Amino acid sequence: MTHSWERDRISTGELADRTEDLLTKGYRIGLVAAHDDTATGGGLRIVYLFLAGQPDRRVELECIVPQNNPAIDSLAYLSFPLGRFEREMRDLYGIRPVGHPRPRRRIRPEQAAPDRFRPAEARVALERADEAELEVLAVQVRQVPAHGR
């Protein structure tokens, strides 16, 4: 059995064209994963994995998203699953899918681990907060109501 695995780092501007090309060639989206590499000196990174069978082919596209403006152009118009992954990235990493047709929350507060809930927004707030403001932020986080209840 032969395998083909291609890995490319591309700009966010190239992402829509490459995605459309892969979907046209019979690939399907298998996974979209966002990574916060800021603790190790990196930035926000998104990895898209496209799969095709017979023969087994895989294409991994990796984009770096600027920390000061974590946004990408939405690909939801190309694929329903891509739209769902984009909503999760926004909820978990604060990466905004610009132009998403239904940008409502995907992850509800009660589903997210407390230390992972919207970390991009929390990081900005914590960097700017003094000690008194930190206590207010902690109280606000504890008072977040459950979605839809």
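**Note on the predicted fold: sheet, helices and salt bridges**

1. Gly 94 follows directly after helix 2 and takes a positive phi of about 75 degrees. Helices (H or I, at least four residues) and strands (E, at least two) are DSSP runs, numbered from the N terminus. The model is predicted: local features need pLDDT of at least 70 and side-chain atom pairs count only at pLDDT 80 or more, while totals for chains, interfaces and linings use all residues. Residues are numbered from 1 along each chain as its sequence is written, and side-chain values use heavy atoms, with hydrogens and water left out.

2. Helix 2 covers residues 80-93, which is 14 residues. The expected span is 1.5 Å times one less than the number of residues. That gives 20 Å for helix 2, and its end C-alpha atoms are 20 Å apart, so the two values agree. The buried residues of helix 2 (buried: under 20% relative accessible area; exposed: over 50%; partly exposed: in between; 1.4 Å probe, protein chains only) include Leu 82, Gly 83, Glu 86 and Arg 87. Met 89, Arg 90, Asp 91 and Tyr 93 of helix 2 are buried as well.

3. How buried is Leu 82? Its relative accessible area is 1%, and its place is in helix 2. Leaving aside residues up to four places away in sequence, Leu 82 touches Thr 19, Ile 29, Val 32, Tyr 48 and Leu 75, where contact means heavy atoms within 4.5 Å. Of these partners, Ile 29 is 53 residues from Leu 82 in sequence, yet the two C-alpha atoms are 7.3 Å apart in space.

4. The sheet is open and has four strands in the order 1-4-3-2, with mixed pairing. Two strands pair if DSSP finds at least two bridges between them. Strand 1 and strand 2 (28-36) are the edge strands, each pairing on one side only. From one strand to the next, the twist averages 15 degrees. Axes are lines fitted to C-alpha atoms, for helices over the stretch in contact, and angles run from 0 to 180 degrees between N-to-C directions.

5. Strand 3 and strand 4 are antiparallel to each other and pair over nine bridges. One bridge joins Phe 50 to its partner Val 59 in strand 4.

6. Both helices lie on strands of the sheet. Helix 1 lies across strand 1, strand 2, strand 3 and strand 4, and runs at about 165 degrees to strand 4. Helix 2 lies across strand 2 and strand 3, at about 10 degrees to strand 2.

7. The loop between strand 3 (44-52) and strand 4 contains Pro 55, and Gln 54 is in that loop too. What is the form of the peptide bond from Gln 54 to Pro 55? The bond is cis, with omega near -5 degrees. Gln 54 has a positive phi of about 50 degrees although it is not a glycine. The residue is exposed, with a relative accessible area of 78%.

8. Nine salt bridges are found in a search of the whole structure, a salt bridge being a side-chain nitrogen of Lys or Arg within 4 Å of a carboxyl oxygen of Asp or Glu. Side chains of opposite charge can pair when their charged atoms come close.

9. One of the salt bridges joins Glu 60 and Arg 7, at 3.6 Å from N to O. Because Glu 60 lies in strand 4 (residues 56-65) and Arg 7 in strand 1 (residues 3-9), the pair ties together parts that are 53 residues apart in sequence. Arg 7 is exposed, at 55% relative accessible area.

10. Arg 18 and Asp 8 form another salt bridge, with the closest N and O atoms 2.9 Å apart. The pair links distant parts of the chain, with Arg 18 in helix 1 (residues 12-24) and Asp 8 in strand 1, 10 residues apart. Arg 18 is partly exposed at 23% relative accessibility, and Asp 8 is partly exposed, also at 23%.

11. A salt bridge at 2.7 Å, N to O, joins Glu 62 and Arg 9. Glu 62 lies in strand 4 and Arg 9 in strand 1, so the bridge ties together parts 53 residues apart in sequence. Glu 62 is buried, with a relative accessible area of 16%, whereas Arg 9 is exposed, at 58%. Which residues are linked with Arg 9 in a network of salt bridges? They are Asp 37, Arg 45 and Glu 62.
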